[in-house]
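Student: Please take me closely through a single aspect of this model, the pairing of its strands. I should like the terms stated with their cut-offs, and then whatever context the chains supply.

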Amino acid sequence: MKNVFIYIIIAFVGSIVNAQETNISEDKAELSKYQQGMKKAFSLWEEGKSNEAANIFERISAAEPENWLPPFYVSQINIFASFSEKDQTQVKLQLDKALQFLNEAKTRSKENAEILVLEAQYYTAWIVQDGMQYGMKYSPKVVALYQKASIIASDNPHVLLGKIEWEMGSAKYFGKPTDVYCSELKRAVALFDTFKPEGEFYPTGGKEYAEKVVFENCKTE
Amino acid sequence: MNLTKLTVFHLLLAISVLLCSQIIDAQTIISGTVKQKNGSPIYGANIYIDGAYDGATSGEDGKFNFTTSENGVQTLVISFVSFETYIMAADVTQMKDLKVILKDDVNSLETVVISAGSFSAGDNSKVSVLKPLDVVTTASALGDFVGALQTLPGTTTVAEDGRLFVRGGEAEETQIFIDGLRVFTPYTPTTNNTPTRGRYSPFLFDGITFSTGGYSAEFGQALSSVLLLNTIDEPDQEKTEIAIMTVGVGLGNTQKFTPKKESNFNQGSSISVNATYINLAPYIALFPDRNDWQKPFETFSGETVYRQKMYNGLLKVYAAFDNTNFQLTQEDINLPEGFNFKLNNSNFYTNANYTASLENDWKIFAGASYTIGKNKLGLQKDNLENTENSAHFKLKARKKFSNRVKLSVGVEQFSTDFDETFAATEFISDYGYVNNITAAYVEADFIFSQKLALKAGIREEYSALFNQFTFSPRLSFAYKTGKNSQVSLAYGDFYQQPNSDILKFNSNLEAQKTQHCIFNYQYSANNRILRAEAYYKDYKNLVTFSNSLPTFGDNFNNGGNGYATGLDIFWRDNESIKNVDYWVSYSYLDTERFYRNYPKQAAPPFANTHNISVIGKYWIDDWKSQIGFSYQYASGRTYTDLNIQGFLNSKTKDFNSVSLNWAYLLSQQKILYFSVNNPFGFKNINGYQYADAADANGNFNRRSLRPAADQFFFIGFFWTISEKGTDNQLNNL
């Protein structure tokens with residue numbers, strides 16, 4: 001049944017570069033330790049040193065027990081890493097770690113659309129790993145998570161993109177037309193332009209990936 | 001340069017020097033190496049001062065060093081996946097050239113699990129042989145969880161009965177629990193040539209543990225086996241489900257509620273309701289079977305689960321009601337006109353429990369279950385009516401002292417009140433019993449390392465009916481022999497009271513006893529599992545009596561005994577062949593017992609020597625279909641041939657059955673399901689009924705006991721409607 005979910009696989013890996021537009025003005029010499037740490041972690045992540053980046057986020061997570069962003073990124077790095085990992089034992093370890101920090105993020109910030117999207121990605125990762133075993137079990141969870149997220153934040157491009165991609169994957173599989181999703185996909189791309197993260201270091205990336213999805217699925221016009 | 005400027009300059013210089021030196025003074029270098037127990041370095045470990053931002057990642061040689069501006073006593077943390085997090089509190093100046101060896105994390109997947117005796121289903125378990133959805137996708141199971149478990153080794157094929165017969169044990173030696181609470185009447189009533197089914201819908205459960213021996217001290221009153229079913233904690237989403245089948249219709253609905261104002265008492269709740277109506281009349285009109293039905297099988301059942309999150313815990317309330325009735329005449333060698341049987345059964349089961357995590361790693365569980373079952377039977381001209389009221393109360397607590405040591409304690413109470421009235425033309429007789437059993441247990445889990453684990457428990461039970469105390473030790477341990485393989489050993493004593501058929505006539509008895517010894521080998525890697533288990537089971541204090549069935553005034557006593565020994569092998573593989581998932585089970589069983597009215601020790605009719613199941617599932621992507629296949633083989637079962645000397649002296653011919661199913665996804669929301677049992681029409685014989693008296697030639701005539709129907713067809717259409725039309729039937733595949 002693996003093929004069922006091939007379509008549903010979300011090729012995050014390309015989109016991960018959480019292009020943290022450093023909206024911190026450089027001339028402001030006095031960056032807090034938190035800002036320095038986060039910046040360092042993002043730059044390591046962009047360099048491809050995701051393990052070291054995760055380690056820094058983990059340290060910040062321990063130092064900032066109220067802030068949901070550091071555990072969020074530890075979890076996200078592990079989830080994304082599992083997509084390209086071949087060794088099943090390693091995948092399980094990564095996803096277990098991702099879950100641990102996902103739960104930590106959830107206790108720090110409730111009803112958070114970004115965390116709901118991450119949780120949907122967590123279950124998607126299991127489905128990608130073993131569609132036959134987890135697809136049947138986790139796909140309703142993924143659907144429910146995107147639904148909940150879109151109620152909380154209907155104008156968040158991450159929520160809309162994830163949700164539409166998932167629905168499009170299922171439609172493709174059942175041979176249904178996917179062009180009905182194009183307007184929503186384009187809306188997601190547009191949302192990236194107007195999207196204002198609620199705070200410093202909040203997730204911002206993904207526009208390029210969204211454009212790629214539009215390009216691949218909505219060729220006309 | 002004037003004086004003031006100079007002074008200021010000097011002052012600044014002095015300050016900056018001072019500051020610098022202070023900074024230099026405050027910067028402490030922390031360094032060391034991180035290694036595994038076997039000496040190899042750990043690359044990528046996270047080393048940091050807790051709560052500060054200072055830290056580093058270990059290099060390929062396991063070395064790390066970083067500077068910190070913290071001083072005094074600090075906590076150094078070293079973490080890496082699959083190892084226990086290392087924590088050290090010391091003055092930062094002491095943290096130089098550290099040599100740290102990380103201990104294996106015993107919570108990780110690499111750790112050995114005690115596997116002797118038990119099969120787990122569900123993705124929470126580390127090694128699951130059956131997945132919850134196998135119940136509905138296994139061709140021979142027909143959506144019945146009991147049917148799916150019969151494809152596992154350790155069970156014997158008793159085709160006309162349908163209940164679980166485990167390792168030479170009778171069906172009542174297996175007890176079924178929902179969320180840890182006993183189900184007293186788990187099977188639907190049926191006639192004696194049609195297999196029964198589990199009463200409860202498989203969609204309500206997301207975890208199944210089937211133990212064929214050597215189980216935990218938490219469970220008692222089961223000589224052979226326990227089946228643990230766990231209901232779903234939280235449904236994924238709101239939906240309505242519709243089922244239209246050749247045998248009836250079903251309707252289900254799930255609602256979720258988010259409280260407007262979250263309080264400790266209500267942190268979210270949900271309710272699911274299912275109703276099913278089954279009527280075999282149209283099917284039997286089209287495909288008549290061997291029974292002469294006056295009133296074909298008709299059942300109405302409804303169940304509901306309510307869940308509420310509260311006080312860091314979860315409250316679950318489950319209730320199920322069903323009513324079944326039918327009347328038929330069956331062939332009987334002693335009655336030319338046949339035997340007329342009428343049944344009306346109503347059954348109500350409810351179960352409520354609350355689990356919560358408390359401070360200091362305590363976990364508590366409190367729950368109760370209650371069953372009321374009423375039967376009205378018409379046996380030719382006689383009438384039999386009985387009522388069973390049973391309840392189970394349970395309280396348990398678990399303390400986690402560390403990842404390596406856990407302790408569980410619990411107390412429970414079982415109460416049964418059974419009343420029966422037998423009314424024949426000439427007389428009426430009333431009888432019954434009240435049975436109370438109180439039990440307590442303690443069990444400890446020790447994980448010595450990723451390689452070695454031990455579980456030891458004791459259980460004490462007191463029966464008020466027998467005024468008897470029983471004491472059962474249980475012990476199991478597991479040792480990892482290689483990266484993907486392990487061995488486990490289990491030993492235990494198990495007690496169970498005789499069933500209501502006996503207790504209603506005589507309660508001056510004792511509990512029956514078994515002892516299990518189990519040796520298990522397990523290999524699992526890459527979606528392949530091999531499991532081999534050898535066992536020896538000793539039976540003591542089995543109940544004997546002198547008539548063919550328990551009767552009033554018979555001479556009952558605990559003088560029986562027996563043994564069962566055998567080998568169970570299981571192989572499952574969903575890796576080797578693309579889109580194919582299959583498993584093979586083989587059981588070898590050698591058992592004899594002296595009980596009931598047996599004149600000597602003999603192999604009972606429900607226990608045959610060889611059982612084989614082969615189950616396959618093939619996903620055809622282009623057809624959006626899953627095709628399922630199952631084959632069951634069982635060697636012959638014993639019966640007594642009255643025309644030759646001896647007791648249980650002959651065997652029936654071997655049993656063969658093939659089942660096929662096809663699930664077709666019409667769309668995300670709709671699924672069409674076909675299944676056929678025994679399409680090749682094997683003529684199976686489950687046993688023989690002999691005439692009470694010999695004919696003129698001194699020969700006892702006999703009649704073969706055949707299934708009610710050789711074949712069975714099923715067509716169903718299942719439709720799920722969810723809020724936004726996005727839930728899908730893949731869930732039901």
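Tutor: Two strands count as paired if DSSP finds at least two bridges between them. Strands (E, at least two residues) and helices (H or I, at least four residues) are DSSP runs numbered from the N terminus. The model is predicted: local features need pLDDT of at least 70 and side-chain atom pairs pLDDT 80 or more, while totals for chains, interfaces and linings use all residues. Residues are numbered from 1 along each chain as its sequence is written, and chains are lettered from A and ligands numbered from 1 in the order written.

Let us begin with β24 (residues 468-480) and β25 (residues 485-496) of chain B, which are joined antiparallel by 7 bridges. Across this pair, B:A478 faces B:S488 of β25(B). With 4 residues between them, β24(B) and β25(B) make a hairpin. β25(B) also runs antiparallel to β26 (residues 512-525) of chain B, to which 12 bridges join it. Here B:F494 has B:T514 of β26(B) as its bridge partner. β25(B) is thus bridged to β24(B) and to β26(B).

Earlier in chain B, 4 strands form an open sheet in the order β3-β2-β5-β6, and their pairing is antiparallel. At its edges are β3 (55-57) and β6 (86-91) of chain B, each of which pairs on one side only. On average, neighbouring strands of this sheet are turned by 15° against each other, direction ignored; the axes are lines fitted to C-alpha atoms. Within the sheet, β5 (residues 73-79) of chain B runs antiparallel to β6(B), with 6 bridges between the two. One of the residues concerned is B:T75, whose bridge partner in β6(B) is B:A89.

As context, chain A has 11 helices and 0 strands, and its elements read α-α-α-α-α-α-α-α-α-α-α along the sequence. One of these helices is α3 of chain A, whose 14 residues span positions 33-46. From first C-alpha to last, α3(A) reaches 20 Å, close to the 20 Å expected at 1.5 Å a residue (that is, 1.5 Å times one less than the number of residues). Just after α3(A), A:G48 adopts a positive phi of about 95°. Of the contacts in chain A (C-beta atoms, placed from the backbone, within 7 Å) between residues at least 6 apart in sequence, 63% link residues at least 24 apart.

How values were computed:
Contact = placed C-beta atoms within 7 Å. Axes fitted to C-alpha atoms, helices over the stretch in contact; angles between N-to-C directions.
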